[in-house]
Every structure is written in C-alpha cells, then in structure tokens.
Amino acid sequence: MLPDAIANQIAAGEVVQRPASVVKELMENSIDAGASFVQLIVKEAGKVSIQVIDDGKGMSPQDALMSFERHATSKISKAEDLFAIRTMGFRGEALASIASVAQVELKTRREEDELGRLLRMEASVLKENEQIAAPKGTSILVKNLFYNIPARRNFLKSNPVEMRHILDEFQRIALANPEIKFSLIQNEQETYALPVEKLGKRIVDLFGKTYREQLAACEENTNYVSIKGYVGRPEYAKKTRGEQFFFVNNRFIKSSYLHHAVMSAYERLVPEGTFPFYVLFLTIDPSHIDINVHPTKTEIKFDDERSIYAILQAAIRKTLSLNHLIPSLDFDANVNFRNPSGAPSSISSFSGANSPRPVQEAWKKLYEGLNDNIEAFERGNVADPSTNLFSETSTTIQSKANTWTADSSSHTNFQVIQILNKYLVVTLSGGMLLIDQKKAYQRILFDQFSENLVKKNGVSQQLLFPQILRINPADSVLLEEILVDITDLGFGLTKDVEENYWIQGVPAGIGEEDGQNLLEGILEQVKNEASDLGQNHSEKIARILANRTAIRYQTKKLLSEEMSALVEQLFASTNPSYSPNGEIISRQLNEAEIGQLIG
Ligand code: ADP
Ligand code: MG
C-alpha cells in the first residue's frame, strides 16, 4: 500500500497539470454546491495563489475534513450513480490531489451552522483545524502550487501562457452557467464582473461587443438529444481555434467528432483553415454517455455517436439557412450577400476569392514604374541578383529574358491564359511557361511588403469605415509586440477608450475587407513562432502577410489584364523562380519537352 500522500500526488499528476486545472476543479465544486456567486482571485497567473470563493451550501466540520480524503465525495455513492451524473464532480479526488501538491486553506460554513470551519493543509498534512466566524459558503485558497515538487513547478510556462489557460477555464465555466454571477480578480484588478444574464449576453460580456452581431441562435429538440446555443456567422470565422465550445449536460467537452459535424454544416461557407465561433449545449440522458474517460472529464463517449453527428449537423444547417447564411445560388457565381436586415454584408470577405472587387485601382499602384523594370529587364539588366535566395536564379531569369525578347519587340505581346482558375500558361517563342498564380502573388506581395518594412513607409489604404478588430483580449499583448512592424507595413491601428483596436488602414494592395483576417493570421503565426521571432522579425511578418494575402488567389478567376500584369510583375520581382517560401513558382517547357510529353 502506498502512503496516502504519495497516492494523492500520483493522482494529482493527472488531475492537476497547471494552475488552470485548480481553477477548473474549484469552480466546478462551487457550481456543484449550488452557488449563485463565484469569485476567482488569482495572483501571478495562479503560481502564487488561486482562491475561489462561493456562496454555496458549504460543508459541515466533518465533511470539510473528509473533503480532502481521496475518493471522498458527496456526489455519488454507488456504481449505478455513475450513469446518472448531474454534477461536475464525482470522483472525489480533486481536493485530495490539490492538497498534496500545494498549501491549501479552506473556510466553510453551512447556513444552519452558527460557526464555520477553517482547515489548513500542506502537502496532504493537516496543519490547522479550528472554528471561525465565516460567511455562508466556501472559500478555498491554494498557495504555491507544486512547491513540494520543484520539477513540476519549473515546468510551468510564462505567466501570460498560464493566465491564458486560466482564462480558458473561467470562460468555459462562465459560459455554461449564465445564471450564476462571476467575478475574476487578477493581481488585485477585477477583469471580469459577470452579472446573472442570458447566454447571448454572457457571450458578449466574455468576448466583447463585437460578438453581438455575429450570433445566430440554434435550437433542436429530439428524443435522443436536445441542442441549444449560438453559432457564429460564417464571415466571422477565424483562423485561430479556441472559440468553439461544446457542453454536454453543461460540462465543457472536447470532441473532434462533434466539431467535424459542425464544420461539415459550414462547408463552403468558410474558407479552409478558418473556424466559426460556436457555443453549443447538448442535453442528453446521462445513461447515454460516459464522461468517465479521463480524470479531467473533458472527453466523452456517446452510445450512439452517429445520431448525434447527424442531428448536430442538421441543426446547424437549419440555423444557417434560417438566417440566410447559406447562399442559394452557385457559390462560384458572384453572389452578392446581404444581411437579412438589408445592410450590405461584409460576407464578401469569405467569398472574397470570387468577388469582383475593384482591385484594379490597387493594382495600378503596384504597376507604377513597372515598365522601366521591364525595359531594363529586356536589356538584360536584371534586378539585383544579390537579393536572390538561390544562386541559379539569375541565370534562370536571364534565359527567360532571352526567350522573351526573342518572342517580340513589345513586352505585352505574349499570350496568357488561365487554367483551372489556378495556373497561367504563357506562350513563349520557344515553348510555354506554366505559372502557379498563388505562388507568383506570394513573391510579388512579399517584395512589396519587404520594401515597405525596410523603408518604413508602407502605403496605407485608409478605410472609409474603420473596422473594429475582433481579437481575443488575451491576444492584445501579442499585438502590442508587433505593432511597430505592422504599422510599417501599412496597417493603421488605433485604440479607443475601451481598449478596442480599430483598423483604420490596411497596406495598399490588399483587400479592405481582409484587414481583420490578415492581422489574425499574423497573430496566430507569431504565437506559434514566438520562440524565434526575434531575428528576421520583419521578414517573417512580410512573408506571413504575403502568404495570407495570396491565399485568395489559390483559385481565382483572373481578368486578362490581371493575368498579363501578374506575369509582368513576376518578372520584375526579385526572384521570379522561387516563392518566398522557397517553392518553385513556374516551369518552362520547351519544344523538345513538349514533344516528349506527347511522345
Ligand atoms: P468531487 O467534486 O469529485 O466530489 P472533490 O475532491 O472536488 O470531489 O470534492 C470533495 C467533496 O468536497 C465534494 O464532494 C463536496 O462534498 C465537498 N466540496 C468541495 N468543494 C466544495 C464547495 N465549494 N462547497 C461545498 N462543498 C464542497
Ligand atoms: Mg470536484
């Protein structure tokens, strides 16, 4: 038999991974105790202390002591109960685990008791147990998490990262319980004060006002499961994940299977790699599910997965079509979406790839000085090869230049057609040239953005209507970090009194409606590449921006002027052969090669 303290520490390895796990367990206990107000107080991202105070039913002195015993729970008592779980907890191991890896102070009083109880535990050892005067409810203070396991303490991430995890847990619990009042105090500052409210309002209070207009209510009732909640309009879909919430019987769960069901309903409505917002509550007879898959209880098994999938998918489709979010025409046509209200919709941002935007103007700007380049190019004065990443490049350019001039006297005298909305075929006197249009755009845009960054004077295209930047409040720290670079690129950002960012301008040449999208993409990338952002900071940002902007040309029908312009610009670029990501942009086929192909 292992001593209790060790057994608890082993269990703690699974239940308590980081400060956020403590937050989750304590807050769930408060919910189970029927609290109507739950306050979370954290210091130094929970590394110094985490405290949860509730006004729930409290514990008797006896139960207070028992609560730190492993497998002590008031929530179930027999095996059958496992199939009728309505509480968040039931395993009776959270408090025991937490108390084995921290210093814990518990204060609790039931309504019917005159005096409350104070218990102090350190690494599973009871240090204090006395009567105190206390308000009704329970307060649990957890200090110095992992103080007795230095290896785990060192393993904790930076404060912003740990705080982000805590916010995630707080958000999930607050979403699931809009009828409960919550407060979050971070290092003495109240960052969330959530009154009792309806779900929709709770979402807005948690994520910001900009979420108000994007919510579409979803409801579906069947014998097997009922679904309720909100889904985001497709045009608000984000590159970042983390705003997709499933609750089964009010418990937050992660399920790639259910996520897939939702995404399938959004198919063709959101660009690949973006995710709509959703908060969905599934209510199902507990006997049909098993949440006892993992100690953290975020995984679930359904006895009839397929039905859930089908019902969920249908429910979301219905919501989207009721809200006129599913276009009725062929998607490739230039559907001009309108909101039900009749206001012009910003939906074009997701159909952006197809919309006939007045890109022409922006393009013209890009072409300025182009002719000079082309002429220099034809004379063999190729752009400075020192900027090229690949040594063979200059010769490639040279050979292409020769084919060019051999073809005709005028540089516009070539023919170009588009195939599959993806590739350009250019006629050369000696054969043909195949160009990947997206990669070509990546190169051209990269050049333009790099130049802007070097010169620190990105041409900004002012927006007629500034757009609010919808970012998770937790991301604004990251944004501040790259603010200088993105300003150099041509983004114009301002902050209002409520700390919201507004996009006032975007780099010239990118679509107005893409500002939000691009900034999100940059932030996402910066988050993932944070470790090595230091060097080549700006080059990386230029590349990210070029890649993000070029995505919309992945498949896009181009006008013939756009095609010739693209070809001309590509050959005026610093490296027409390789994209900034090092991928081949074009391939030349000469007569012999064509002959061989046909064989
Ligand atoms: P579980 O939640 O799985 O039952 P815990 O270790 O989280 O296990 O809690 C043990 C017991 O302590 C609970 O069953 C409950 O009776 C009691 N308890 C814990 N937190 C509270 C609280 N905030 N208010 C009232 N009782 C609580
Ligand atoms: Mg619990």
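This passage describes the sheet of a predicted model, the helices that pack on it and the surroundings of ligand 1.

The strands give a convenient starting point. Eight of them form an open sheet with mixed pairing, in the order S5-S4-S3-S6-S2-S1-S7-S8. Because strand S5 (125-132) and strand S8 (189-194) each have a single partner strand, they stand at the edges, and one side of each is left without a neighbour in the sheet. On average, neighbouring strands of this sheet are turned by 10° against each other, direction ignored. Strand S1 (residues 37-43) and strand S2 (residues 49-54) run antiparallel and are joined by six bridges. Within this pair, Val38 stands opposite Asp54 in S2.

Two helices can be placed against these strands. Helix H2 (residues 19-32) packs on the sheet, where it touches S1, S2, strand S6 (137-143) and strand S7 (181-186). The direction of H2 makes about 10° with that of S2. Helix H7 (residues 199-207), in turn, lies across S7 and S8 and runs at about 165° to S8.

Turning to the ligand, 19 residues surround ligand 1, and the closest are Asn29, Thr73, Ser74, Lys75 and Gly92. By class, this shell has six nonpolar, nine polar and four charged residues. H2 and helix H4 (94-100) each supply at least two residues of the shell. Asn29 places a polar side-chain atom 2.8 Å from an oxygen atom of ligand 1, while an N or O atom in the side chain of Thr73 is 2.5 Å from an oxygen atom of the ligand. Asp54, met above opposite Val38, has a polar side-chain atom 2.9 Å from a nitrogen atom of ligand 1. Of the 530 Å² of accessible area that ligand 1 has on its own, the protein covers 94%.

Notes:
Residues are numbered from 1 along each chain as its sequence is written. Chains are lettered from A and ligands numbered from 1 in the order in which they are written. This is a predicted model: local features need pLDDT of at least 70, side-chain atom pairs count only at pLDDT 80 or more; totals for chains, interfaces and linings use all residues. Side-chain values use heavy atoms; hydrogens and water are left out. Two strands pair if DSSP finds at least two bridges between them. Helices (H or I, at least four residues) and strands (E, at least two) are DSSP runs, numbered from the N terminus. Axes are lines fitted to C-alpha atoms, for helices over the stretch in contact, and angles run from 0 to 180 degrees between N-to-C directions. Contact means heavy atoms within 4.5 Å. A residue is near a molecule or strand if one of its heavy atoms lies within 4 Å of it. A polar contact is a pair of N or O atoms within 3.5 Å; within protein, one must be able to donate a hydrogen and the other to accept it, and residues adjacent in sequence count only if both atoms are side-chain atoms. Accessible areas come from the Shrake-Rupley method with a 1.4 Å probe; for residues, only the protein chains shown count as cover. Ala, Val, Leu, Ile, Met, Phe, Trp, Tyr, Cys and Pro count as nonpolar, Asp, Glu, Lys and Arg as charged, and the others, Gly among them, as polar.
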